[in-house]
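Here are some short exercises to work through with the structure open beside you. Try each task before you read its solution.

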Amino acid sequence: MIKKKREPHSIMIHGEKGLGKKTLARWIAAALLCERQTGEPCGVCRTCRMIADGAHPDVMVARANSNGNYIVDDSIRPIVAEAPVAPNEARMKVYIIPDLDLSVNTVIQVQNILLKVIEEPPEHTAIILTARSKEIFLPTIISRVLSLGMTSVTEAESMACLQEKYPATAPALISEAVSAGRGNIGRCVEYLEHSQFFDSVKLARGLCDAMCGGNEYDVLKTLFAADGKKTLLREGLSLFQEILRDSAAFRLGGESEKSVSCAKEGAKTLSRSLSSDQAVRLYDIVSDYIGRIDANCNISLTINSLAGQIYSVTGK
Ligand SMILES: [Zn+2]
């Protein structure tokens with residue numbers, strides 16, 4: 001696309017967290033600005049290196065506040081005002097506006113303000129928007145941008161990519177990360193770097209094991225590992241929901257190659273003792289409790305109550 005010189009001025013990249021939307025946005029910026037102009041970044045020219053370091057004056061990444069919201073007067077209106085101004089040194093300038101879906105308060109306002117630049121982009125300006133879902137974009141924006149959907153990669157591709165990125169890491173550990181993050185490289189990396197995702201996976205797998213063991217106390221004990229840690233509990237529970245979804249799929253369809261969770265084997269074991277109806281009920285219960293966590297309910301009370309609810313579905 002860039003090779004053929006049909007340069008898109010407005011691009012939207014959508015796909016779930018961790019698939020590399022921001023990395024792709026920077027890659028496109030480098031492809032547009034690279035001094036060699038081959039259609040992809042050469043990776044060695046001064047421009048490419050500066051972009052990789054996040055230091056190029058013609059590649060601007062908009063910043064949201066700590067809640068993910070864009071304050072339009074600070075970060076979006078200036079883009080519209082500066083768009084017609086010539087680039088500092090490159091042939092074009094690129095504005096990247098990441099994670100638009102997280103800007104819950106201003107997601108529509110941001111698009112309405114940007115519409116002017118997206119409708120009539122100056123020759124030397126490109127805008128790249130990223131979001132987890134395409135749903136959040138206004139039809140007027142969708143009809144004017146090039147839309148790039150990111151999909152997950154296969155386990156073999158994840159394996160190859162991680163081995164290259166972490167040559168010193170034991171293959172067994174990489175394989176563990178691949179099964180935790182599935183086709184989502186960002187998640188695999190978080191797992192290897194022992195960030196919160198690692199603990200969330202541990203929580204979700206622990207819940208699955210505790211349920212397979214059929215011990216109510218183990219369920220409670222596992223949940224209490226996240227006491228006082230709202231984000232961990234929330235993420236662990238959503239991963240656990242994926243295990244429940246897999247479990248129901250195994251129960252209904254037998255062998256499922258389309259596993260979505262971080263614990264394929266665990267889900268298989270769970271499906272032997274959990275009917276698909278129970279799995280669906282548990283899924284809904286967990287959704288309800290995630291809502292309570294978001295509404296800032298007391299974490300300890302929430303955990304106690306959730307453990308009781310889980311038992312009421314599975315207990316004999
Ligand atoms: Zn280059």
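**Exercise 1.** Is Asp-99 buried or exposed?

*Solution.* Before we start, a word on the ground rules: this is a predicted model, where local features need pLDDT of at least 70, side-chain atom pairs count only at pLDDT 80 or more, and totals for chains, interfaces and linings use all residues. Residues are numbered from 1 along each chain as its sequence is written, and side-chain values use heavy atoms, with hydrogens and water left out.

Step 1: look up the cut-offs. Buried means under 20% relative accessible area, exposed over 50%, and partly exposed in between (1.4 Å probe, protein chains only).
Step 2: compare. Asp-99 has a relative accessible area of 18%, so Asp-99 is buried.
Step 3: find its place. Asp-99 sits in the loop between strand S3 (93-97) and helix H4 (107-119); helices (H or I, at least four residues) and strands (E, at least two) are DSSP runs, numbered from the N terminus.
Step 4: list its partners. Leaving out residues up to four places away in sequence, Asp-99 touches Lys-22, Tyr-70 and Thr-130, where contact means heavy atoms within 4.5 Å.

**Exercise 2.** Work out which residues coordinate the zinc ion, and what arrangement its donor atoms make.

*Solution.* Step 1: pick out the donors, which are N, O and S atoms within 2.8 Å of the metal (3.2 Å for Na, K and Ca); water is not among the atoms, so sites may look incomplete. You should land on the SG atoms of Cys-34, Cys-42, Cys-45 and Cys-48, at 2.3 Å.
Step 2: read the spacing along the sequence, C-x7-C-x2-C-x2-C.
Step 3: check the angles. Four donors count as tetrahedral if all angles lie between 85 and 135 degrees. Here the angles run from 104 to 119°, so the arrangement is tetrahedral. For reference, the ideal angle for four tetrahedral donors is 109.5 degrees.
Step 4: check burial for two of the donors. Cys-45 is buried at 6% relative accessible area, and Cys-48 is buried at 4%.

**Exercise 3.** Find out how many disulfides the structure holds, and why Cys-188 is not bonded to Cys-161.

*Solution.* Step 1: recall that a disulfide is a pair of cysteine sulfur atoms within 2.5 Å. The structure holds zero of them.
Step 2: take Cys-188. Its closest cysteine sulfur is in Cys-161, 8.3 Å away, which is too far for a bond.
Step 3: add burial. Cys-188 counts as buried, at 0% relative accessibility.

**Exercise 4.** Locate the largest nonpolar core relative to the domains.

*Solution.* Step 1: get the term straight. A nonpolar core is a set of buried Ala, Val, Leu, Ile, Met, Phe, Trp, Tyr and Cys residues joined through side-chain atoms within 4.5 Å.
Step 2: find the best-connected members. The largest core has 49 residues, and Leu-223, Leu-233, Leu-237 and Ile-243 touch the most other members.
Step 3: see which elements contribute. Those giving two or more residues include helix H7 (171-181), helix H10 (216-224) and helix H14 (299-314).
Step 4: place the core. Domain 2 (153-194) and domain 3 (198-314) both give residues to this core, so it lies between them; the domain bounds come from an automatic or database domain assignment.
Step 5: zoom in. Beyond its neighbours within four places in sequence, Leu-223 is in contact with residues including Leu-203, Leu-207 and Ile-303.
Step 6: look elsewhere. Apart from this core lies another, of 25 residues, among them Ile-76 and Val-145.

Notes: Four donors count as tetrahedral if all angles lie between 85 and 135 degrees; four count as square planar and six as octahedral if opposite donors are over 155 degrees apart and all others between 65 and 115; anything else is irregular.
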